[in-house]
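User: I'm new to this one and would like to walk through it step by step. Can you take my questions as they come?

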Amino acid sequence: MTNEHNDIDDKPKNFFSRLTSALKGKKDVLKNNLVNILTTNKINEDLLEEIETELIIADIGVHTTQKIINQLKEKRKKNSKKNEDLKHNIRDIMLSILEPVSTPLIIKNNDDPFVILMIGVNGAGKTTSIGKLSRYFKDQNHSVILAAGDTFRAAAIEQLQVWGQRNKIEVISQETGADPGAVIFDAHASAKAKKINVLLADTAGRLHTQTGLMDELVKIKKILNKQSDAAPHEVMLVLDASLGQNALIQAEKFNEALGITGLIVTKLDGSAKGGIVLSIADKLKIPIRFIGIGEKLEDMQVFNRHDYVNALLNLPQNHQNN
Amino acid sequence: MFANLTERLSSITRNLQGKGRLSNNNIKDTLREIRLVLLEADVALPVVKNFIEGIREEVVGSKIEKSLTPGQALIKIIHHKLIDLFGNKTIELNLKRPSPLVIMMVGLQGSGKTTTAAKLAKRLIDIEKKRVMLVSVDVHRPAAILQLNRLANEIGADFFNSEDTQNPKTIVSSALKQSQRSQSDIIIIDTAGRMHVDDSMMAEISEVYKEASPSETFFVIDSMAGQDAINSAQAFSERLDITGIILTKTDGDARGGAALSVSQVTGKSIFYLGVGEKIDDIELFHPERMASRILGMGDVLSLVEEIEAKVDRKQSERLANKLKKGKKFDLYDLKDQLEQMIGMGGMSAILDKLPNAGQLNNAAVSKQFDEKQLKRQIGIINSMTPNERHFPKTINGSRKRRIAAGSGLQIQDINKLMKQHVQMERMMKKMSGGKMKKMMRGLSGMNLPSGLR
């Protein structure tokens, strides 16, 4: 990590401005177009269609977009005609969709380690997220251990070991090609013996259409479950914010197979808005735990629906909303 | 991967059938539906708008061939438009250039650059017999260089050793010098994934690009990418001269609209598809086939190619001539058909490529038409006398008992085969009349799983 890229932002900006700037991007469609839309006076079918289009561009998806538009129409009937209200109406609708999924992950300290099984498609950002989560949990005074469960991809183990070194925590691993279930089993035993609070288990990326690999995850979950009734305490799906509508299918398929208990939305520091999380929240009600907004250790934040929606609609961030 | 889009478009255009001619009026709803379908498929909005406008222009005031229904006419137009967007032809890497040919891989984090670099290298080594050197300038992601090193060893490519403490530009210049000593034909440079809004990282890749001055710069994009794909492709092509696109993870079920967006915004063609976890899972991109798949026409071309390669032409011609002369489809012919089916890898291999077969439960189909089953049926026919094969109607109860004993099966199995023969016979009659539709109806009479009916 010796490169100018990581040293440029030497003063980390606070979360609110970071999330806003992260979600803004260069061509901020929602910012520019939606503001323009909202400064015209009339609300008619064309206007609604424009709004619909802008929501779709944020990857919110046709179905959830329709739902938002329909609710918007309802609210307009009841309330005033001012444009700011329209914007706040959209915000309120989005907030209500996200409300049931806004439950942060709470680590309960038991004798057993709190096990987080990290899953997702190839390239979603599982390993990087583990690196950043380790830091997050350490900052909360939890002891952390990692399991190098991606025994398939070349050098995935070494990649996780680097994150272990950066965080000064132990990484349990075997060689490439080893049984991931065995690695995670060992890590659990080790965590238990050493009374470590949190076990983060990495797994190889896999497409949800690959049944054999999905079965492998089910097996890993069973192995953990045999060690402790409550394990894995969290089945965490890592989702790339730049993905489109397939992310919803991914979430559905992984949920069917394993029962997802939490989401991490990664790569929100690009110009993609990750709007598909609204669809996932609407349909599956899976808690969104964290968002990833960069490659540095501290670039993992607890999901806050107010900040997210305000950034999406370019409304000012309001600290009291926490 | 485009199965969903295929289904939606074909169901929409089916609604148009029986409307006589396409007019601005009766196409309005259809165009809106197509717009939504494309948006749901993650095709970027500006691309969708252009696309829809193009179709509207072509439809209004254009003659519709008399033989076509409005739905077919529309599918034909959309089909052509899609092929246009995909860049019209299958592109192969031009290797007739001075060595070393420098190829650079660029893209967002997690799009699959490193894996694709190795897959491409393997293809060039195995198929083109080239000497390939892999270089990583990814000094950012932990163990990225090691990952490429491992893959290079696995596929028998040369590897230029770099360290994450080095400057990417320096790595490139030393690698280029090294390649001359090692007489590499091709150098593939893997770069770190980066956000297109990250100015310092984009500046870094511009530097690497200038130093490498690659002949080919591939933008690697995840087939699951959303609306933002158009922005990242745009930003990268403003900084670098992108010469082609590689679409990854196409073995998933994403509709892959990003493929359309990116080729449109960069004006470049898709060269390759990543199609699986294994290191040789990389294929050339076929615009025509992909467009056909989108439109519910199935991957007909590949199917035709495969059938052509595997079907015994003489046998088919013999059967065709026989039917033309008004002769009956007998059990000898059924046996030929069953044997050819085994040759083509069974029913499931064929169904995979047929239009709208996406919803089929392939497991159920293959169970019914697996090789074992086919061989058993051939066994039954082999247990018959020549006379019985020519004149199936002569097979009565006692003959069936004999055949069952001869083939080691139950009478029910014989009955099933006889029923199948009758259905096939009916189907062949219809086919010799040239009516595809009737053939499909004939198919539905067979013991096929409900999905195919």
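User: How many residue pairs are in polar contact between chain B and chain A?
Analyst: Keep in mind that this is a predicted model. The count takes in pairs where both residues have a pLDDT of 80 or more. On that basis, the number of residue pairs in polar contact between chain B and chain A is 17.

User: Which helix of chain B gives the most to the side that touches chain A?
Analyst: Helix 2 (28-40), helix 6 (144-155), helix 8 (199-212) and helix 9 (229-239) of chain B each bring at least two residues to that side. The top contribution is five residues, and it comes from helix 2.

User: What classes of residue make up the side of chain B that touches chain A?
Analyst: Chain B puts 44 residues into the contact, and chain A puts in 51. Sorted by class, the chain B side comes out as 15 nonpolar, 14 polar and 15 charged residues.

User: Which side chain of chain B meets E52(A) in a salt bridge?
Analyst: There are two salt bridges between chain B and chain A. In the one with E52(A), the N to O distance is 3.6 Å, which fits the 4 Å cut-off. The partner on chain B is R32(B).

User: How much area do chain B and chain A bury between them, and which three residues supply the most on the chain B side?
Analyst: The two chains bury about 4,000 Å² between them, with 54% of it on carbon and sulfur atoms. Of the area that chain B buries against chain A, 16% comes from three residues, more than any other three supply. Those are P142(B), M224(B) and E277(B).

User: Is helix 10 of chain B mostly covered or mostly open?
Analyst: Helix 10 spans residues 257-266, and eight of its ten residues are buried. Among them are G257(B), L260(B), V262(B) and T266(B). Just after this helix, G267(B) takes a positive phi of about 70°. As for helix 10 itself, the answer is mostly covered.

User: Where in chain B is the pLDDT below 50?
Analyst: Chain B averages a pLDDT of 81, and 75% of the residues score at least 70. Still, residues 355-364 fall below 50, with 15 contacts in the model beyond near neighbours in sequence. Where pLDDT is low, the predicted coordinates should not be read in detail. Another stretch below 50 has 26 such contacts, and that one is residues 434-453.

User: What ipTM does the predictor give the complex?
Analyst: The predictor gives the complex two scores, a pTM and an ipTM. The pTM is 0.77, and the ipTM is 0.87.

Terms used. Residues are numbered from 1 along each chain as its sequence is written. Chains are lettered from A and ligands numbered from 1 in the order in which they are written. Side-chain values use heavy atoms; hydrogens and water are left out. Buried means under 20% relative accessible area, exposed over 50%, partly exposed in between (1.4 Å probe, protein chains only). Helices (H or I, at least four residues) and strands (E, at least two) are DSSP runs, numbered from the N terminus. pLDDT is the predictor's confidence in each residue, from 0 to 100. Contact means heavy atoms within 4.5 Å. Buried area is the accessible area (1.4 Å probe) that two parts lose on being put together, summed over both. A polar contact is a pair of N or O atoms within 3.5 Å; within protein, one must be able to donate a hydrogen and the other to accept it, and residues adjacent in sequence count only if both atoms are side-chain atoms. Ala, Val, Leu, Ile, Met, Phe, Trp, Tyr, Cys and Pro count as nonpolar, Asp, Glu, Lys and Arg as charged, and the others, Gly among them, as polar.
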